[in-house]
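Hi,

Here is the structure I promised to pass on. Have a look at it first, and then read my notes below.

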Amino acid sequence: MESSSPSSRHPVVPPQEHKCVWMTGGILSYQLCERGFDCDHCPLDAAIRCHFKRPERGADESAAAVPVERPASLPGDRLYSRNHCWVRVHGRTPERHRLARVGIEPGLADALLAPKAVVLPSVGEHLKRRRTHMWIVTDGGTFPISAPTDGVVSAVNANLAQHPYRLGTDPLEEGWAFEMDVCENELRGGSLLATEQAKREFRDDHARFQNRLADALRGESPRLGATLADGGVALQHVSDMLGAVKYFTLLQQAFR
């Protein structure tokens, strides 16, 4: 008599349910999302981010903590999405699809400062444009990144998962996120931006973010913090002055 396996009768993730981003990233063995990926207001997400918080940044990470005053230049050898991803085609698959590498453009990478963790999609996962596929964990919150185009994940950057600060120190090369198989029509469908158009749109987002930061600072009371005279460390970044959560809120408003 034939019998079905227990796993087929009782799937790990029930239909219509979604894995928590921390389960997807391998941090939790089992946890379903009950908040529609609203990580900003999830106490579990806040607790895990607190657990991973590092008291001091290493030499490489400290470089990512100082943002540039203007967006970095965008190379012309790739396309860009309106949600600040870059897509660089570098080969073909056996099925004659295009093989594309995906990452975060430098302006957003700088604004995210030094990420504490990057939750990447799984190899073999089918991505849909504009749907969230990866998450960047910062001191102030978890920033979702949607797919720049439709495709299937063929590889992920394990080095980035282990050293998330490289997203900020080298977002165009070592800080790439994943590779995907993409149909030719997806690349020519008009959803991706050429370099010059992306520069204009990203410059507007960056300016909006700087204006929001300036407005918020004008509304803040002066805060000196610890000084070198008393053995502490002086505040070095606007996020220290505003607080990580407020900085992250302004970041989301400007870049989403």
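Let's start with the three-stranded sheet in this predicted model. It is an open sheet in the order S4-S6-S7, and the pairing is antiparallel. S4 and S7 stand at the edges with a single partner strand each, so one side of each has no neighbour in the sheet. From one strand to the next, the twist averages 20°.

S6 covers residues 132–137, and 5 of its 6 residues are buried, so the rest of the structure largely encloses this strand. On one side, S6 pairs with S4 (residues 117–119) in the antiparallel sense over 3 bridges. If you want to find that pairing on screen, look for valine 118, whose bridge partner in S6 is isoleucine 136, and for alanine 117, whose partner in S6 is valine 137. S6 also pairs with S7 (residues 142–146), again antiparallel, over 5 bridges. There, methionine 134 has isoleucine 145 in S7 as its bridge partner. S6 and S7 form a hairpin, with 4 residues between them.

Now the other sheet. This is an open sheet of 6 strands with antiparallel pairing, and the order is S1-S2-S3-S9-S8-S5. Its edges are S1 and S5 (126–127), each with a single partner strand, so one side of each is left without a neighbour in the sheet. Further in, S8 (residues 151–156) and S9 pair in the antiparallel sense over 4 bridges. Alanine 155 is a handy landmark here, as it stands opposite glutamate 179 in S9.

On to the nonpolar core. Which residues touch the most other members of the largest one? They are Phe143, Phe209 and Leu251, out of 38 residues in that core. Helix H11 (residues 244–255) gives the largest share, with 6 residues. Leucine 251 is worth clicking on: leaving aside neighbours within four places in sequence, leucine 251 is in contact with Leu108, Ala111, Leu112, Phe143 and Phe209. As a bit of background, nonpolar side chains tend to be buried together in soluble globular proteins.

Then the charged pairs. The count comes to 12 salt bridges, and I'll take you through a few.

Arginine 82 forms a salt bridge with glutamate 201, with 3.7 Å between the closest N and O atoms. This pair links distant parts of the chain: arginine 82 is in the loop between S1 (79–80) and S2 (85–92), while glutamate 201 is in helix H9 (residues 195–218), 119 residues apart. Buried or exposed, or in between: where does each partner fall? Arginine 82 counts as partly exposed, at 45% relative accessibility, and glutamate 201 also counts as partly exposed, at 27%.

Glutamate 173 forms a salt bridge with arginine 88, the closest N and O atoms being 3.6 Å apart. Glutamate 173 lies in the loop between helix H7 (166–169) and S9 (178–182) and arginine 88 lies in S2, so this pair ties together parts 85 residues apart in sequence. Here the partners fall into two classes: glutamate 173 is partly exposed at 40% relative accessibility, whereas arginine 88 is buried at 16%, the limit for buried being under 20%.

A third pair sits within helix H9. The side chains of aspartate 205 and arginine 208 meet in a salt bridge at 2.7 Å, N to O. They are 3 residues apart in H9, so about one helical turn separates them. Aspartate 205 is buried, with a relative accessible area of 13%, and arginine 208 is partly exposed, with 33%. There is also a network: salt bridges that share partners join Asp77, Arg78, Arg88 and Glu173.

Last, the cysteines. How many disulfides does the structure hold? The number is 0. Cysteine 85 is buried, with a relative accessible area of 1%. Cysteine 183, on the other hand, is partly exposed, with a relative accessible area of 38%.

Cheers

Note on methods. Residues are numbered from 1 along each chain as its sequence is written. This is a predicted model: local features need pLDDT of at least 70, side-chain atom pairs count only at pLDDT 80 or more; totals for chains, interfaces and linings use all residues. Side-chain values use heavy atoms; hydrogens and water are left out. A salt bridge is a side-chain nitrogen of Lys or Arg within 4 Å of a carboxyl oxygen of Asp or Glu. Helices (H or I, at least four residues) and strands (E, at least two) are DSSP runs, numbered from the N terminus. Buried means under 20% relative accessible area, exposed over 50%, partly exposed in between (1.4 Å probe, protein chains only). Two strands pair if DSSP finds at least two bridges between them. A nonpolar core is a set of buried Ala, Val, Leu, Ile, Met, Phe, Trp, Tyr and Cys residues joined through side-chain atoms within 4.5 Å. Contact means heavy atoms within 4.5 Å. Axes are lines fitted to C-alpha atoms, for helices over the stretch in contact, and angles run from 0 to 180 degrees between N-to-C directions. A disulfide is a pair of cysteine sulfur atoms within 2.5 Å.
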